Amino acid sequence: MKLSDTVPFREVTDVKTLRRAFGTFATGVTVVTTGGTNPHAMTANSFTSVSLDPPLVLICVDRGAVMHQCLSEAGAFGVSVLAAHQEPVAMHFANRWRTLGAAQFDAVDWLPGEATGVPLLSGTLASFECELWRTYDGGDHTIFIGKVLSLHQQTDQEALLVVKGRFRQVGPDWSEVIT
């Protein structure tokens, strides 16, 4: 394939084309949560580590999302990294028509974080409690950087991934299967 066979540069302003191109990058799936009197959660794949010292992570949230205001007001948030079997959990928190507030957590197992009390989902690969450290303009999104206050990790499960708008799972490690 030649570069001339790809989508022309001029189409970078087409939102659908841009979304499809961004979607070719496989990412993990998380649920971001806030606590307090009006807890909220949303499924997100815009999560990454930023720094080990200090321990920082970032999430990007659309300015029009309910979570945007919740994060701006809360001062703390949680990130639960979903395991392969948790696709229904991802779908639940991606559903814009679900019941909001504390009732949205009735459908899942969760525990309050030890440091901040934010809801952290059970059965995940990892979960992080973060205090809001900085925010940055990210166009139609805001980049929220959190300082990690606590973490929990399980290593015996596979990750839930999303690529090209579909959930995927990591396949077997063939180097361990082939003898």
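**Reading a pocket lining and a helix face**

Strand S4 (47-52) gives the most to the lining of the second largest pocket, with 5 residues. Strands here are DSSP E runs of at least two residues and helices H or I runs of at least four, numbered from the N terminus. This is a predicted model, where local features need pLDDT of at least 70, side-chain atom pairs count only at pLDDT 80 or more, and totals for chains, interfaces and linings use all residues. Residues are numbered from 1 along each chain as its sequence is written, and side-chain values use heavy atoms, with hydrogens and water left out.

Q: How do the residues of the lining of that second largest pocket divide?

A: They split into 10 nonpolar, 7 polar and no charged. Here Ala, Val, Leu, Ile, Met, Phe, Trp, Tyr, Cys and Pro are nonpolar, Asp, Glu, Lys and Arg charged, and the others, Gly among them, polar.

Q: Now helices. Which residues of H2 are buried?

A: General idea first: an α-helix has 3.6 residues a turn, so residues three or four places apart point the same way. In helix H2 (residues 66-74), Met-67, His-68, Cys-70 and Leu-71 are buried (under 20% relative accessible area, 1.4 Å probe, protein chains only; exposed is over 50%, partly exposed in between). They sit on the same side of H2 because they cover an arc of only 170° around the axis, taken from the directions from the helix axis to the C-beta atoms.

Q: And which exposed residues does the face turned away carry?

A: Gln-69 and Glu-73. Just after H2, Gly-75 takes a positive phi of about 80°.
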